[in-house]
Amino acid sequence: NKNKSRFNVELRNVSDNFSLLALQGPKAEEILSKVLNVDLDMLKSHKYFEIKKYNPLWIARTGYTGEDGFEIFIKGDKEAQKLWSDLIEAGVTPCGLGARDTLRLEAAYPLYGHELDDETSPLEAGLGWSVKLDKTSEFLGKSSLIKQKKDGLKKKMVCLKINDKVIARQGYKVFSKENKEIGIVASGSQGLTVGYPIATAYVAPEESEVGKELFVSIRDKMVSATIIKRP
């Protein structure tokens, strides 16, 4: 809000007027096309369009699970409840944010409050592609990012495979083989698709090589973890 004076915009919070349903998975297109009676094959990734059914409704081919799917924005509670019922009747299985979170973590999608916060830059989070430092146009934080890239990162996000049956939770400390504290876990869960516990962590850049063995302190036990390639 403090920077809105730079732009000719008006900000209004209309969240209470809308509902959001996320339909994700390999059958998402087939089921939603049938429920809405519309061909969704033409809707490309990260694009959206509007239809009048359900008063009205915006469909975006987006999501935060690593799967194909759609996010459906709908105005009005009754209309959202009707669409929910229609999706359930079509064979959709409901799930909560906990289930969603295991999928977003398997895809290594960063989540604010975990991999992202006010003390972490896009470069440290592995999101350098999202900031165009070579462009001539200015943006907030550009000079700081250029300086950080020149001086070197103080931490770097890595993906971990936990070599045990325990889960590394956010805030657990990460250590090197030499028993030196080198970082902290950002997110951790059971990888239901891959079949083993996984985590993201921020560690010292010199300890971030893929294949390197690190250790996570879990309930006063040093548990082996391997840095794996980011999916």
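Trainee: Hi! In what order do the elements of the protein run from the N terminus on?
Mentor: Hello! This is a predicted model, and its elements run β-α-β-β-β-α-α-α-β-β-β-β-β-β. Counted up, that makes 4 helices and 10 strands.

Trainee: Thanks. What box do the C-alpha atoms fill?
Mentor: Roughly 60 × 50 × 30 Å, if you take it along the principal axes.

Trainee: And how much of the protein is buried?
Mentor: Of its 231 residues, 38% count as buried. The accessible surface is about 14,800 Å², with 51% of that belonging to carbon and sulfur atoms.

Trainee: Let's talk about sheets. What is the strand order in the open sheet of 4 strands?
Mentor: The order is 1-4-3-2, and the pairing is antiparallel.

Trainee: Why do strand 1 and strand 2 each have one side without a neighbour in the sheet?
Mentor: Strand 1 (18-24) and strand 2 (48-51) stand at the edges, and each has a single partner strand, so one side of each is left without a neighbour there. Going from one strand to the next, the twist averages 20°.

Trainee: How many bridges join strand 2 to strand 3?
Mentor: There are 4 bridges between strand 2 and strand 3 (residues 57-60), and the two run antiparallel. If you'd like a pair to look for, tyrosine 48 has alanine 60 in strand 3 as its bridge partner.

Trainee: Nice, I'll look for that. Which strands does helix 1 touch?
Mentor: Helix 1 (residues 28-36) packs on the sheet and touches strand 1, strand 2, strand 3 and strand 4 (69-75). Its direction makes about 30° with that of strand 4.

Trainee: Which residues of helix 1 are buried?
Mentor: They are Ala28, Ile31, Leu32, Ser33, Val35 and Leu36. Their cover includes strand 1, strand 2, strand 3, strand 4 and helix 2.

Trainee: Is there a general reason why residues a few places apart in a helix point the same way, or what is the spacing?
Mentor: An α-helix has 3.6 residues a turn, so residues three or four places apart point the same way.

Trainee: What comes just after helix 1?
Mentor: Asparagine 37, which takes a positive phi of about 55°.

Trainee: You mentioned helix 2. Where does helix 2 lie?
Mentor: Helix 2 (residues 77-89) lies across strand 1, strand 3 and strand 4. Relative to strand 1, helix 2 runs at about 15°.

Trainee: Last topic, charges. How many positive and negative side chains are there?
Mentor: There are 36 positive and 32 negative side chains, and the centres of the two sets lie 3 Å apart.

Notes:
Residues are numbered from 1 along each chain as its sequence is written. This is a predicted model: local features need pLDDT of at least 70, side-chain atom pairs count only at pLDDT 80 or more; totals for chains, interfaces and linings use all residues. Side-chain values use heavy atoms; hydrogens and water are left out. Buried means under 20% relative accessible area, exposed over 50%, partly exposed in between (1.4 Å probe, protein chains only). Accessible areas come from the Shrake-Rupley method with a 1.4 Å probe; for residues, only the protein chains shown count as cover. Lys and Arg count as positive and Asp and Glu as negative; His and the chain ends are not counted. The place of a charge is taken as NZ of Lys, CZ of Arg, CG of Asp or CD of Glu. Two strands pair if DSSP finds at least two bridges between them. Axes are lines fitted to C-alpha atoms, for helices over the stretch in contact, and angles run from 0 to 180 degrees between N-to-C directions. Contact means heavy atoms within 4.5 Å.
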